[in-house]
Amino acid sequence: MQAEVRIERYADQGRCVAHIDGRVVFVRFALPGELLRIELDEPHDRDDRFWTGEVVEVLEPSPDRVAPAWPLAGPLAMGGGVGGADLVHVSLPGQIRWKAITVSEQMSRLGHVDVAVPVERIAGDEELGGLHWRTRIEMIVDEQGRPSMRRRGTHHRVAIDTMPLASRTLLDVAEREHIWDGGFEPGSQIRLSVPEPRGEQALPNDYAVLVDGELRSGTQLLTEQVSVNGTMFTYHVDAGGFWQMHRMAPMALTTHVIGLVNNQLQGKPDPVIWDLYSGSGLFTLPLASLTGERTHMFSVEGAPVAVKNAQRNLRAMNLTNVDARTGDVSRTLNHVPANLAKPDVVVLDPPRAGAKAKVCRQIAASGAANVVYIACDPTSLARDTATLTAEGYQLTDIRAFDIYPMTHHVETVALFTR
């Protein structure tokens, strides 16, 4: 079923809101103010509270609308449908506005805090047109053994011979390894992980091609280098594990977090810092070495491989001031050593679902004066903001980073003080 609608406002998940006969419709590839012809997703006659649909014709475009830089990821009716870039129809300035409004609205609606949230573009992204930023990509193999992506709403796999969001370093590896030539087992999963070169010379063999989780070429233990305030930190990370995928995100986020923490510590020589959901130690290493003269830290991460790598990374820098634990964050916080039980600052970078109320209350119970919360989902951040403010904290700084161009995702860093 098709319908003509006027788009009203931004919604979540890269969609916008319209109405048909009083019923809410969430529309993909739309922009506020536009007049569109849309196709409703089937079954369109169901008695749900809302419907979903996608643009098939733009009758009156928004000034923020542009021709998709990656047409294959655009609307299905216009030859797209593979996903992965749900704001590909939006100008780069328009994407920034979209994300700023979305974060602010979520903070108001769920966090009960009215705040304007600035969104910072990462250096180099504008020159690259919002492309070539991903250092990790994943694909599925089609029936002919070629890398592909699934077309939305179908089982059809669209063969691809490039990935415009991938970094140029990654694309170089893909060409050298003949990834686009195919020859893979149909149905298998391909993952390419290629760190962005940081030092004076690129590290040899610093890449991984994984097929169904097994290393096909490269190395399982990758080397990531991150410069923070003039100090270069080296991390060994698992090729199949989590790492910030934007080529510049580790520097941008870590530099900002260290600045917030040091501003709150005000030169205290022996602070206690918690680093929760700490991964392979992206924030742990700079926090342990660029804060107080005698900083003591407690870090917690649920993935054993990531913690093993974090411990290796700490040893390589001769950092002995971190008690790095493996385990569920909430359960582990019930067993903090007495000398680390009263943190001055808590830094947390939880998964998309957020820290949730129990962990937020445990942080508050520790007496921490400052909390730096790194969030990849503004809805989860807003919910946890409500909990933290109810526990006596105040949001004193918030900034978002556009480390996911062409998508609705955004990274937000919030500072809460008691």
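1. A helix here is a DSSP run of H or I with at least four residues, a strand is a run of E with at least two, and both are numbered from the N terminus. With that settled, just after helix 3 there is Gln266, which takes a positive phi of about 50°.

2. Some ground rules. This is a predicted model, where local features need pLDDT of at least 70, side-chain atom pairs count only at pLDDT 80 or more, and totals for chains, interfaces and linings use all residues. Residues are numbered from 1 along each chain as its sequence is written, and side-chain values use heavy atoms, with hydrogens and water left out.

3. The sheet is a good place to start. It is open and mixed in its pairing, with eight strands in the order 7-21-22-20-19-16-17-18 (two strands pair if DSSP finds at least two bridges between them). Strand 7 (119–121) and strand 18 (322–326) are the edges, each pairing on one side only. From one strand to the next, the twist averages 15°. As for axes, they are lines fitted to C-alpha atoms, for helices over the stretch in contact, and angles run from 0 to 180 degrees between N-to-C directions.

4. How many bridges join strand 7 to strand 21? Three, and the two strands run parallel. Val119 stands opposite Ala400 in strand 21.

5. Back to helix 3 (residues 249–265): it lies across strands 16 (272–276), 19 (345–348), 20, 21 and 22, and runs at about 5° to strand 22. Its 17 residues reach 24 Å from first C-alpha to last, close to the 24 Å expected at 1.5 Å a residue (the expected span is 1.5 Å times one less than the number of residues). Twelve of the 17 are buried, taking buried as under 20% relative accessible area, exposed as over 50% and partly exposed as in between, with a 1.4 Å probe and protein chains only. Among the buried ones are Met251, His256, Ile258 and Leu265.

6. Helix 5 (residues 304–316) also lies across sheet strands, namely strand 17 (296–301) and strand 18, and it runs at about 165° to strand 18.

7. Helix 8 (residues 378–390) passes the length check: its 13 residues should span 18 Å at 1.5 Å a residue, and the end C-alpha atoms are 18 Å apart. Ten of the 13 residues are buried, including Pro378, Asp384 and Leu388. Those buried residues pack against helix 1 (92–109), helix 7 (356–365), strand 20 (370–375), strand 21 (394–402) and strand 22 (411–417); contact means heavy atoms within 4.5 Å. Just after the helix, Gly392 takes a positive phi of about 105°.

8. Cys376 deserves a look. UniProt, in an unreviewed entry, puts an "active site" feature there; such annotations may be inferred rather than shown by experiment. Cys376 sits in the loop between strand 20 and helix 8 and is buried at 13% relative accessible area. Leaving aside residues up to four places away in sequence, Cys376 touches Pro350, Pro351, Arg352, Tyr404, Val410 and Glu411.

9. Finally, the aromatics: there are five pairs, where rings of Phe, Tyr and Trp (its six-membered ring) pair if their centres lie within 6.5 Å, with planes under 30 degrees apart stacked, over 60 edge-to-face and the rest tilted. Tyr10 and Trp98 make a tilted pair, because their planes are at 45°, with centres 4.6 Å apart. This pair links distant parts of the chain, strand 2 (residues 9–10) and helix 1, 88 residues apart. Tyr10 is buried at 10% relative accessibility, and Trp98 is buried at 2%.
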